[in-house]
Amino acid sequence: MDPFGLFCTGALLACGLYWFVCLLGPAEQKGKRAVDLSGGSISAEKVQDNYKQYWSFFRQPKEIETAEKVPDFVDTFYNLVTDIYEWGWGQSFHFSPSIRGKSHRDATRLHEEMAVDLIEVKPGDRVLDVGCGVGGPMRAIAAHSRANVVGITINEYQVNRARLHNKKAGLDSLCEVVCGNFLEMPFKDNTFDGAYSIEATCHAPKLEEVYAEVFRVLKPGSLYVSYEWVTTDKYRGDNPEHVEVIQGIERGDALPGLRNYKDIAEVAKKVGFEVVKEKDLAKPPALPWWTRLKMGRIAYWRNHILVTVLAAIGIAPKGTVDVHDMLFKTADYLTRGGDSGIFSPMHMILLRKPQVPPTQS
Ligand SMILES: C=C(CC[C@@H](C)[C@H]1CC[C@H]2C3=CC[C@H]4[C@H](C)[C@@H](O)CC[C@]4(C)[C@H]3CC[C@]12C)C(C)C
Ligand SMILES: C[S@@+](CC[C@H](N)C(=O)[O-])C[C@H]1O[C@@H](n2cnc3c(N)ncnc32)[C@H](O)[C@@H]1O
C-alpha cells in the first residue's frame, strides 16, 4: 500500500475507533471513563474473588436471609458496580418514567425534584437521603429546594465519590455525606424536617427496620417519601416465568427479596407512620421507565468489548468483565419485568410522622 493509502486507512480506523468508544451510546452524564473503572474500595487483584463471594450469598440456604449479613453483601455489590453505573448510566442510580420530548437526564431530574416537592421542605430545612449512592439525587434536590441534605450510604467508596461530585458542583455547603447503615443510623431522634429514599430501601432485609429508623429521626409532623421496588398485582408466584424474572432482578441487584406492593403501606403503618399517598409512578399514562434500558443495548455491546479489552491488557481489574456480564443480564430481567408489568421500581409512598405519637392500646 502506498503512503497515502496507508494514511487514509489509518485515519479511517482512528475515526471508527473514536466513534465506537466515545460517540456510540454516550452516558447521560460522564463522571467516569472506561479506563478508570475500579472495584471501588476493593483492590484490583481482589475484584474477581469478591465477585465470587457476592454470588455465594445466593447459595441455598440463602445467606442474605440472615439479616446481619445483608449490609456487607450490599457493600460488596456497590464496590463492584459503582464505577460501571457511573460510567454507563450517570450519577443517579435509579429509573424514572420516560417523558416525551425530554432527555433521560431531564426526566431523571424531574423524578428527583418530585420527591422533595412531595415532602414540602423549605430552604434551610434538614433533609435525610436514605441510601444516597454517589449523590445524583442529593445534588438535584439541594439545588431545587435549597434545603440541607444529609445522605447516608453503607459504601465508603460512594461516600468519597459523592463528596467529590458535591464539591465539583459547588453544592458541598448544602450536601453532607455520611458512611453508615440505614438500619442503625448515627443520627439523633427527631432531628430531620423531611426524608426521602430513592430505590434504596429495597436492599433492607426487613422494611420495618429501615422505616422505623426513618420514623425515629424525623421530627413529628414531617414527611417521608420512598420510591420502592415491588412486585405488582400482575405478579403470580405460580408462574415460572414471573419467578425467573424476579429472581434475576434480585440476584443482579443485591436484593434480599422483593416485596409485594401491598406490604409497603402495612409496614409503614406498623412503625407508626400515617399513609398520606401511595401510587405506582410506573403505571400509564407514565411512559415506560425501561425504554432507556432497551435503547442502551448497542452501547452495552460496545461497553462489553471495551471492558474485555481493558481487563485483558490489565487496565481494568480482572473480574470487571464478570460484573459487566452480570449487569448485562440484569438489564434484560429488568426490561422483562417492565414489559410484563409484574415489577415496578417506583412504587411511591408518602408518609407522615404524626404530631402526637399514637396511644398504646
Ligand atoms: C436501584 C438499583 C439500580 C438501578 C439501575 C441504576 C441499575 C440497574 C441495572 C444497571 C445497569 C444494567 C446494564 C449496564 C450495562 C451492561 C453497562 O454497559 C452500563 C451500565 C448498565 C446500563 C447498568 C447501569 C445501572 C443500572 C441501570 C438497584 C441496585 C437496587
Ligand atoms: C440503587 S442505589 C440508589 C442511590 C440513590 N438513591 C440514587 O438514586 O442515586 C442504593 C443505595 O442504597 C445504599 N444502601 C443499601 N443498603 C444500605 C444500608 N443498609 N445502609 C446504608 N445504605 C444502604 C447503597 O449503598 C446505595 O447507595
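Which element gives the largest share of the lining of the largest cavity? The points below work towards the answer and then turn to the two ligands.

1. The structure is a predicted model, and the points that follow should be read with that in mind. The count of cavities of 30 Å³ or more comes to 3, and the two discussed here are the largest cavity, with a volume of about 810 Å³, and the second largest, with a volume of about 60 Å³.

2. The largest cavity is lined by 43 residues, and those that lie nearest its centre are Y78, Y85, F93, H94 and D253. Two or more residues of this lining come from each of the elements α3, β2 (148-153), α11 and α12. The answer to the opening question is α3, which contributes 7 residues, the largest share of the lining.

3. Sorted by class, the lining of the largest cavity consists of 28 nonpolar, 12 polar and 3 charged residues. Both ligands belong to this part of the model, since the space taken by ligand 1 is the largest cavity and ligand 2 sits in the largest cavity.

4. Around ligand 1 there are 22 residues, and Y78, Y85, W229, N303 and H324 are the closest of them. Two of these residues bring polar side-chain atoms to oxygen of the ligand: a polar side-chain atom of N303 lies 2.7 Å from an oxygen atom of ligand 1, while an N or O atom in the side chain of H324 is 2.6 Å from an oxygen atom of ligand 1. On its own, ligand 1 has 640 Å² of accessible area, and the protein covers 100% of it.

5. The elements that supply two or more residues to the shell around ligand 1 are α3 (70-88), α11 (297-312) and α12 (320-340). By class, this shell holds 15 nonpolar, 5 polar and 2 charged residues. A reader following the helices through the model will therefore meet α3, α11 and α12 in the lining of the largest cavity as well.

6. Ligand 2 has 19 residues around it, of which F93, G131, T153, Q158 and F182 come nearest. Its polar contacts include one with a side chain, in which an N or O atom of T153 is 2.8 Å from an oxygen atom of ligand 2. Backbone atoms take part too: a backbone N or O atom of I154 lies 3.1 Å from a nitrogen atom of ligand 2, and a backbone N or O atom of F182 lies 2.7 Å from a nitrogen atom of this ligand. Taken alone, ligand 2 exposes 590 Å², of which the protein buries 97%.

7. The shell around ligand 2 divides into 9 nonpolar, 9 polar and 1 charged residues, whereas the shell around ligand 1 has 15 nonpolar, 5 polar and 2 charged residues. F93, one of the residues that come nearest to ligand 2, is also among those that lie nearest the centre of the largest cavity.

8. The second largest cavity is lined by W89, H94, F95, S96, P97, S98, H104, A107, T108, W289 and R292. Helix α4 (residues 104-118) gives the most to this lining, with 3 residues, and by class the lining has 5 nonpolar, 5 polar and 1 charged residues. H94 deserves a look in the model, as a residue that lines the second largest cavity and is also listed among those nearest the centre of the largest cavity.

How values were computed
Residues numbered from 1 in each chain as written. Chains lettered and ligands numbered in written order. Predicted model: local features only at pLDDT ≥ 70, side-chain atom pairs only at ≥ 80, totals over all residues. Heavy atoms only, no water. Near = heavy atom within 4 Å. Polar contact = N/O pair within 3.5 Å; in protein donor to acceptor, adjacent residues only side chain to side chain. Areas by Shrake-Rupley, 256 points an atom, 1.4 Å probe, with all protein chains shown as cover. 1 Å grid on protein atoms, 1.4 Å probe; cavity = no way out; pocket = protein on both sides within 12 Å on 5 of 7 lines; lining within 4 Å. Sits in = over half its atoms within 2 Å of the grid points. Helix = DSSP H or I, 4+ residues; strand = E, 2+ residues; numbered from the N terminus. Nonpolar A, V, L, I, M, F, W, Y, C, P; charged D, E, K, R; others polar. Points joined across faces, edges and corners; volume = space filled by probe spheres on them.
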